[in-house]
Amino acid sequence: MAEDYYSLLGVARNATEAEIKAAYRKLAMKHHPDRNPGNKESESKFRTINGAYEALSDPKKRKMYDQYGEAGVNAGASGGFGGQGGPGFEGFGQGVDVNEVFGDLFENMFGGQGGGGGRRRAARGNDLKYETNISLEDAFKGVQLPLHFQRVESCETCRGSGAKAGSGVKRCTQCRGSGRVQVSQGFFAMSQTCPRCGGEGEIVEDPCKSCRGQGRVRKDAELKVKIPAGIYHGATLRISGEGEAGPRGAQAGDLYLEIHIKPDPRFERHEDDLSVNAHVDIATAALGGATTVPTIDGEPVTVKIAHATQHGATLRVREKGMPKLHGRGRGDLLVHVRVDVPRDLTAKQKELLEEFRKSLHDEHEKGAPGVFGRIFGKE
Ligand SMILES: [Zn+2]
Ligand SMILES: [Zn+2]
C-alpha cells in the first residue's frame, strides 16, 4: 500500500496549492538525484514525491485522489507508465530517460541552481574508438602509427556554420536562441529541446551545399599516433579532440585507441618482465657452460649455465625485459632452462654415454652420491 500523498509531502489535507508547491520544492531539492548521486533511496523518494506532487498540484487529479485514492489518479492516465516510471509519471510516456527528465525538470523549476542543472546540453562531437594490433617489438621501442579512419569533420566550405557563403544564420524564432522550449505537462512546465532548431538556437537561412546545412561532413582522416614504449596489451590511449567534430563548431569528441599486442613467438610477457626458453644439452646442464638467448632489443645475450643446472630452472637477466611505462629502467628477462635429451646419437656418442652409465652404476654401488644422485635427486 503506497503512502498517502499528503503525508508524503508533509502537508495537511486542506493545504493550499502554494503550500503544496512549497513543500514539494523543499523535498525535491533535498532528494534530487544530482545532489545524491548513486543514492537509490533518494532516487526512489524523489520519484515518489514527484508522483505525489503531480497528483496534488492538478486540481482535477487532486479531487480524484481525495475521492478514490491513488487508483483514481492513475485511472485517468492514458497509459504509458513505462513499467518503471512509478506513480505520476504517466505524462512522460515511454522510453524517456529518467535522469534526463529529472535534469530538465529541475533546470526549469529552480533556475539551474541544483547541481548539474543549468548546463546546456551542448552537442559535443562523438567519441571514436578504434583498436590496433602492434608487435611486441613496437611495444618495446614505442612506435608512431599512421591511423586511417573515417570521421565527421567540420565542413570546410562553410567553416562549420552550415550556411552558404554570403548567407548567415539567424536566431531561431521559436526558442529565441535558447535552444529550449517550455512544454506544459499537466501542472508541470518542462523545458525541452527546441523542435525547430534542434537545440542549436540558430537556423541556417541558406544551407551550404557541401554539408546540406549540417556544418559537418564525413571524411577520411589520418592521424599519427605515438604509442609509448612499454605500453601494455589492452591499454587504451585517449587522444583529446580527435573524435568527431561537434555541430556548428562545438567541441570535438575524443579518439580512444585500444592497443592489442600480438603474441610473440619467442617471448612471453609478465608485466615488465619477459621470459624466453633456453635449450641446453645435457652435458652443459651437468658440467656447466653458457648459452645464448635472444632479447627483445635484438642483441642476443650469453647466459652462464652453472654446473648441475636442472631442467625447468629459471635464470634472471636483469634489465633485459620491457621498458617501464611509468618510471625508469626495464624489467628482467627470465630464462627458462630446457635440458634437451639428444635424439640422434652417433656410434661414438652412444659409446661414451654407455661408458658414462656404467660409471654411474659403479659409483652408485660404492655408495657415493655422484652425478647420478645429483641429477635425479637421490641424494
Ligand atoms: Zn558546409
Ligand atoms: Zn529553436
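This is a short talk on a predicted protein model with two zinc sites, some salt bridges and a stacked tyrosine pair.

Okay, housekeeping. This is a predicted model, so local features need pLDDT of at least 70 and side-chain atom pairs count only at pLDDT 80 or more, while totals for chains, interfaces and linings use all residues. Residues are numbered from 1 along each chain as its sequence is written, chains are lettered from A and ligands numbered from 1 in the order in which they are written, and side-chain values use heavy atoms, with hydrogens and water left out.

Let me start with the overall picture. We have 10 helices and 15 strands in the chain; those are DSSP runs numbered from the N terminus, H or I of at least four residues for helices and E of at least two for strands. Of the 379 residues, 38% are buried. Buried here is under 20% relative accessible area, exposed is over 50%, and partly exposed is in between, using a 1.4 Å probe and protein chains only. If you take contacts between residues at least 6 apart in sequence, 62% of them join residues at least 24 apart, a contact being heavy atoms within 4.5 Å.

How confident is the predictor? The pLDDT, which is its confidence in each residue from 0 to 100, averages 80 over the chain, and 81% of the residues score at least 70. Keep an eye on residues 75-121, though: the pLDDT there is below 50, and the stretch has 81 contacts in the model beyond near neighbours in sequence.

Right, on to the zincs. Which residues hold ligand 1? The protein donors are Cys-155, Cys-158, Cys-208 and Cys-211, each through SG, at 2.2 to 2.3 Å from the zinc ion. A donor is an N, O or S atom within 2.8 Å of the metal, or 3.2 Å for Na, K and Ca; water is not among the atoms, so sites may look incomplete. The angles between the 4 donor atoms run from 103 to 116 degrees, and that makes the arrangement tetrahedral. For the record, four donors are tetrahedral if all angles lie between 85 and 135 degrees; four are square planar and six octahedral if opposite donors are over 155 degrees apart and all others between 65 and 115; anything else is irregular.

Along the chain, the spacing for ligand 1 is C-x2-C-x49-C-x2-C. Cys-158 sits in the loop between strand S2 (143-154) and strand S3 (169-171), and Cys-211 in the loop between strand S6 (202-204) and strand S7 (216-227), so this pair ties together parts 53 residues apart in sequence. Cys-158 and Cys-211 are both buried.

Now ligand 2. Its protein donors are the SG atoms of Cys-172, Cys-175, Cys-194 and Cys-197, again 2.2 to 2.3 Å from the zinc ion. With angles of 101 to 115 degrees among the 4 donor atoms, this arrangement is tetrahedral. The spacing here is C-x2-C-x18-C-x2-C. Cys-175 is in the loop between S3 and strand S4 (180-185) and Cys-194 in the loop between strand S5 (188-193) and S6, so the pair ties together parts 19 residues apart in sequence. Cys-175 and Cys-194 are buried.

Next, charges. How many salt bridges are there? The count is 21, where a salt bridge is a side-chain nitrogen of Lys or Arg within 4 Å of a carboxyl oxygen of Asp or Glu. One network links Arg-151, Glu-153, Glu-156, Lys-219 and Glu-242. There is also Asp-273 with Arg-316, closest N and O atoms 3.9 Å apart. That pair links distant parts of the chain, with Asp-273 in strand S11 (residues 273-281) and Arg-316 in strand S14 (residues 314-317), 43 residues apart. Arg-316 is partly exposed at 45% relative accessibility. Arg-13 bridges to Asp-4 at 3.3 Å between the closest N and O atoms; Arg-13 is partly exposed at 47%, and Asp-4 is partly exposed at 25%.

Last, the aromatics. We get 2 aromatic pairs: rings of Phe, Tyr and Trp (its six-membered ring) with centres within 6.5 Å, stacked if the planes are under 30 degrees apart, edge-to-face over 60, and tilted for the rest. Tyr-24 and Tyr-53 have ring centres 4.0 Å apart and planes at 5 degrees, so they are stacked. Tyr-24 is in helix H2 (residues 17-31) and Tyr-53 in helix H3 (residues 40-57), 29 residues apart. Both Tyr-24 and Tyr-53 are buried. Lys-26 is also in helix H2, but Lys-26 is exposed, at 68% relative accessible area.

That's it from me.

Methods: pLDDT = per-residue confidence, 0-100.
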